[in-house]
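Visitor: Could you take me on a close look at a single part of this structure, the place where two of its chains meet? I would enjoy one connected account.

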Amino acid sequence: MGGLFTLGSSLIAEAEQTHEGLSYLGLWVNVLFVLAILFGLMSYAKKGLNERVFKNPITQGFEQVYLFIENMCVVIIGNHGRKYVPMVMVLWLVIFTGNIVALFLGESPTADLSFNFAMALIAVGYVQYEGVRANGLFGHVKHFAGPKLGGVLVIISGLIFVVELISEVLKNVSLSLRLFGNIHGGHVAVESMNKLGEPILVPYGMFLLPIKLLTCVVQAMIFTLLTCVYISLVTHHEEGHGERHAPAAAH
Amino acid sequence: MLGLGIAALGVALGLGLIGFGALTGMSRQPEAIGRLQVVMLIAFAFVELVFLLSVFVAPGIVKGM
Amino acid sequence: MSTERNSGGAAAVVVATVIGIGLMMGGMYVSLNVHLGFVEAMNKSGIPFDPGKTVSMMGVLLILFPVIRIFFIAPLAAAIGGRTSELERTFAEAEELRGEMTKMRSEYEHRLVQTEADARERIQAEIKKAQELGQALRAEAASHADELRRKAEREIEAEKNRVLTELRLHVVNLSLGATEKLLGENMDSATNRKLVQDFVDKAGAAR
């Protein structure tokens, strides 16, 4: 049993030899690179904003993204979800740009666990902030304890409270680790497939490009989608909407 | 190595089940495709998370013990 | 609401910037100087995690959210909203215009129908009037003709009587003359005349 796991970890360690995490400065360079691309696109798209019909293709793309995210927010969170659109859209844009950069370069912010963890912390922290703002501090804490139970069942409430706290922490881990695993795993997969095709000089890894492109979009979407679900969970008690998502989110 | 294989097997089964369920639901109710896709993606994410946890976290924990 | 959010937004930007810069500095310090045991363990087991980087990136993201919102998303949302409202307005205007057109058309059709009915009625009335006039004219003409015919008949009657009287007188005279010549002068003219007269009357009655 132990040998099994040492095998697995040694495999990962081998992968890590080629892909140790970015250094502090390297992460800064990557983040600034991504932000430069993002801001360049945005300022280019801003020029086409004043027309009656958006002819600028970049502007059209941003418009589509905006409408998509607005739709997502409204469907998942409800009618008051429109005010979370900017926050969710910034997350989406950063993740998507980072993923696209990761398609072509070996390193990218989203392929770095620390950056993803920062994003997840921000997202979940924002969710907690919204929860406190919507329900009050006490109401928000009470929300962790699950449904109201009387008598001896208070113990169960306490258990639920602990479980919910753990799940709240795990939200961070799950969000960041998912993104990291997908993007970084894509890199590793490409590397190993390239190694596979080395003897006959065929870069097999390049054939993974389409599925990696799909992963880019899907991962950006899942990150923002889960953020929306978390927001809807903490801000949506009165309309009975959150209960339906509860089993899905209470992992 | 074998553990990775087992984990991949389980995740593949889970993803297949989710896809099967989602496709069945979609073909039964084409008007609910949007909602089903969202829920399906969320379920995908959680199944995938289990695999990632098993790959990245479990070896460390076991080694630390 | 919106003004409150705007002022709150400006304050939030300042706060976020300050916190973000602080986090960046702290993260840099942590990343370069602090070495935590569990992080070492994680790194060894294959999870390249660096809390210093995380903290700094949290700072970057904190600054990034309001900046991107103000720099791009707010104008984009405003543009899209403006366009949507403009479209809606245009659509509403078109709808209104269409309703007006429909109303006008129905009104016009109604008026057309009414006019047609009016015209038909008037034509009918004219036709009726003309027919009446024609009938009256015909009746008048018929009566006129009748009158003329009666007059003519009367005239004919009168003429016949006159001619008959004349003829009788003439016959009397002729027969008187012939009888005188036949009988000579000895005949009392008065008695004879009476006799002849009687005869002629009888003849006239027999005739």
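Guide: Happy to. In this predicted model, 40 residues of chain A are in contact with 35 residues of chain C. The area buried between chain A and chain C is about 3,600 Å², and carbon and sulfur atoms give 82% of that area. Polar links are present as well: the count between chain A and chain C is two salt bridges, and four residue pairs there are in polar contact, with both residues at pLDDT 80 or more. Five elements of chain A each supply at least two residues of the side that touches chain C, namely helix H1 (2-18), helix H2 (24-47), helix H3 (57-77), helix H4 (85-104) and helix H5 (113-144). The largest share, 11 residues, comes from H2(A). Sorted by residue class, this side of chain A divides into 30 nonpolar, four polar and six charged residues.

One salt bridge between these chains can be picked out by name: Lys53(C) pairs with Asp112(A), and their closest N and O atoms are 3.1 Å apart. Side chains of opposite charge can pair in this way when their charged atoms come close.

Stepping back to chain A as a whole, you will find eight helices and zero strands. Of the 251 residues in chain A, 48% are buried. Among contacts in chain A with a separation of 6 or more, 66% join residues 24 or more positions apart. The surface that chain A exposes is about 11,800 Å², with 72% of it supplied by carbon and sulfur atoms.

Helix H5 of chain A, one of the contributors to the side facing chain C, deserves a pause. Asn116(A) lies in this helix and is buried, at a relative accessible area of 0%. What does the side chain of Asn116(A) reach at 2.8 Å? Its partner is the backbone oxygen of Thr110(A). Leaving aside residues up to four places away in sequence, Asn116(A) touches Pro109(A), Thr110(A), Ser176(A), Leu179(A) and Phe180(A).

Further along helix H5 of chain A, Glu130(A) and Arg133(A) are three residues apart, so about one helical turn separates them. These two form a salt bridge, with the closest N and O atoms 3.5 Å apart. Glu130(A) counts as buried at 3% relative accessibility, whereas Arg133(A) counts as partly exposed at 49%.

Chain C has similar pairs to look at. In helix H3 (residues 51-183) of chain C, Arg149(C) and Asp146(C) sit three residues apart, about one turn of the helix, and form a salt bridge with closest N and O atoms at 3.5 Å. Arg149(C) is exposed at 52% relative accessibility, while Asp146(C) is partly exposed at 32%. In helix H4 (residues 189-206) of chain C, the separation between Asp198(C) and Lys194(C) is four residues, again about one helical turn. Their salt bridge brings the closest N and O atoms to 3.9 Å. Here Asp198(C) is partly exposed at 39%, and Lys194(C) is exposed at 54%. Salt bridges that share partners also join Glu159(C), Arg162(C) and Glu166(C) into one network. Over all chains, a search of the whole structure finds 12 salt bridges.

Methods
Residues are numbered from 1 along each chain as its sequence is written. Chains are lettered from A and ligands numbered from 1 in the order in which they are written. This is a predicted model: local features need pLDDT of at least 70, side-chain atom pairs count only at pLDDT 80 or more; totals for chains, interfaces and linings use all residues. Side-chain values use heavy atoms; hydrogens and water are left out. Contact means heavy atoms within 4.5 Å. Buried area is the accessible area (1.4 Å probe) that two parts lose on being put together, summed over both. A salt bridge is a side-chain nitrogen of Lys or Arg within 4 Å of a carboxyl oxygen of Asp or Glu. A polar contact is a pair of N or O atoms within 3.5 Å; within protein, one must be able to donate a hydrogen and the other to accept it, and residues adjacent in sequence count only if both atoms are side-chain atoms. Ala, Val, Leu, Ile, Met, Phe, Trp, Tyr, Cys and Pro count as nonpolar, Asp, Glu, Lys and Arg as charged, and the others, Gly among them, as polar. Buried means under 20% relative accessible area, exposed over 50%, partly exposed in between (1.4 Å probe, protein chains only). Accessible areas come from the Shrake-Rupley method with a 1.4 Å probe; for residues, only the protein chains shown count as cover.
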